[in-house]
Amino acid sequence: MKVVIVEDEIIAAQTLQRLIMEIRSDFQIETILQTVEDCIEWFSSNPAPDLVFMDIHLADGSSFSIFDKVDIDSPIIFTTAYNEYALEAFEVNGIDYLLKPINKARLTKAIMKFGNISFRKDNLQLIEKLVRSLDEKQNRRKTHFLVPHKDKLLPLAIDDIAYLYAEMKVAKAVTFEGQSYLLDYSLDELMRNLNEEYFFRVNRQYIVSHKAIKDLSVWFMGKLAINLNIPFSDKIFVSRGRVPAFKIWFTREQN
């Protein structure tokens, strides 16, 4: 069974490859593609694989733009940190839609679905079920964190958080009033509890609220620096590989 992985973050690609091989050792990973351009070139010149795992946000744009340039008949399991692309994913051969970070149990279900279902682009019941599950997951996001303060635990409203960051393996939240609180979570765990519509992990160290961004500064090689609307003495840079996804997130309409 020949499989192609489309993922622009090499660590995420390697993790996904390892999980796939743990679940199905008979799968053969043909290649790992990192950009829209690489995908167009590869799918134009190679036989269609049996299955594709495809991240939606790539370094040079949305993976949906690939389908405007080349026909891909293979079934696709999409992966992403966002939940607003479910319907569009099913319009281009999508059979499942995995929210990052991907866990082994959920990946196993997706691979079983690939083996069991009769693939149809117009599987409306599957689409409706998926969208409902995504909405339910979104509605289960935390609204508060409990933070230590002297001898108490205080509720910190997520709406009050301007940004979060990691320092010496300790996560902290900073409010719009400039108050800082320790959190007993890693940044990965925090992103699983935050609404991705309002918060974006711009690099390994920082998660920023949309409401806290005043404007952006363009640096050399297309690098972006975030200017906050609260006092902040340093620069927060968006990782180069996350710039395309950040631009989509930052410019889309907020509910």
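Here is a walk through the salt bridges, one buried serine and two surface patches of this structure. Keep in mind that you're looking at a predicted model.

Let's start with charge pairing. Side chains of opposite charge can pair when their charged atoms come close. Searching the whole structure turns up 10 salt bridges, and a few of them are worth a visit.

Take Lys100 and Glu7, whose side chains meet in a salt bridge at 2.8 Å, N to O. Lys100 sits in the loop between strand S7 (94–99) and helix H4 (104–116), while Glu7 sits in the loop between strand S1 (2–6) and helix H1 (10–23), so this pair ties together parts that are 93 residues apart in sequence. How do the two partners differ in burial? Lys100 is partly exposed, with a relative accessible area of 25%, whereas Glu7 comes out at 3% relative accessibility and counts as buried, because the cut-off for buried is under 20%.

Stay in that loop between S1 and H1 and you'll run into Glu9. Its salt-bridge partner is Arg242, with the closest N and O atoms 3.7 Å apart. Arg242 belongs to the loop between S17 and H7, so here the pair ties together parts that are 233 residues apart in sequence. Glu9 is partly exposed, at a relative accessible area of 35%, and Arg242 counts as buried at 17% relative accessibility.

While you're in the Arg242 loop, look at Gly241. This glycine lies in the loop between strand S17 (236–238) and helix H7 (243–251), and it is partly exposed with a relative accessible area of 37%. Which residue does Gly241 come within 7.5 Å of, C-alpha to C-alpha, despite being 232 residues apart in sequence? That residue is Glu9 again.

Now for a pair inside a single helix. Glu22 and Arg18 form a salt bridge, and their closest N and O atoms are 3.1 Å apart. Both are in helix H1, 4 residues apart, which means about one helical turn separates them. Glu22 is partly exposed with a relative accessible area of 41%, and Arg18 is also partly exposed, at 43% relative accessibility. Beyond pairs, there's a network too: salt bridges with shared partners join Glu7, Asp55 and Lys100.

Next, a stop at Ser209. You'll find this serine in strand S14 (residues 206–209), where it counts as buried at 2% relative accessibility. What does the side chain of Ser209 reach at 3.2 Å? The backbone nitrogen of Lys211 is the atom in question.

Finally, let's move to the surface. Glu37, Asp38, Glu41 and Asp60 form a negative surface patch. One of these, Asp60, is found in the loop between strand S4 (57–58) and strand S5 (61–62). Asp60 is partly exposed, with a relative accessible area of 40%, so it clears the over 30% that patch membership asks for.

There's a nonpolar surface patch as well, covering about 380 Å² and made by Trp219, Phe220 and Met221. Trp219 has its place in the loop between strand S15 (213–218) and strand S16 (224–228). With a relative accessible area of 34%, Trp219 is partly exposed.

Key. Residues are numbered from 1 along each chain as its sequence is written. This is a predicted model: local features need pLDDT of at least 70, side-chain atom pairs count only at pLDDT 80 or more; totals for chains, interfaces and linings use all residues. Side-chain values use heavy atoms; hydrogens and water are left out. Patches are made of residues with over 30% relative accessible area and no salt bridge: like charges are joined within 9 Å, nonpolar side chains (Val, Leu, Ile, Met, Phe, Trp, Tyr) within 5 Å. Accessible areas come from the Shrake-Rupley method with a 1.4 Å probe; for residues, only the protein chains shown count as cover. A salt bridge is a side-chain nitrogen of Lys or Arg within 4 Å of a carboxyl oxygen of Asp or Glu. Lys and Arg count as positive and Asp and Glu as negative; His and the chain ends are not counted. The place of a charge is taken as NZ of Lys, CZ of Arg, CG of Asp or CD of Glu. Buried means under 20% relative accessible area, exposed over 50%, partly exposed in between (1.4 Å probe, protein chains only). A polar contact is a pair of N or O atoms within 3.5 Å; within protein, one must be able to donate a hydrogen and the other to accept it, and residues adjacent in sequence count only if both atoms are side-chain atoms.
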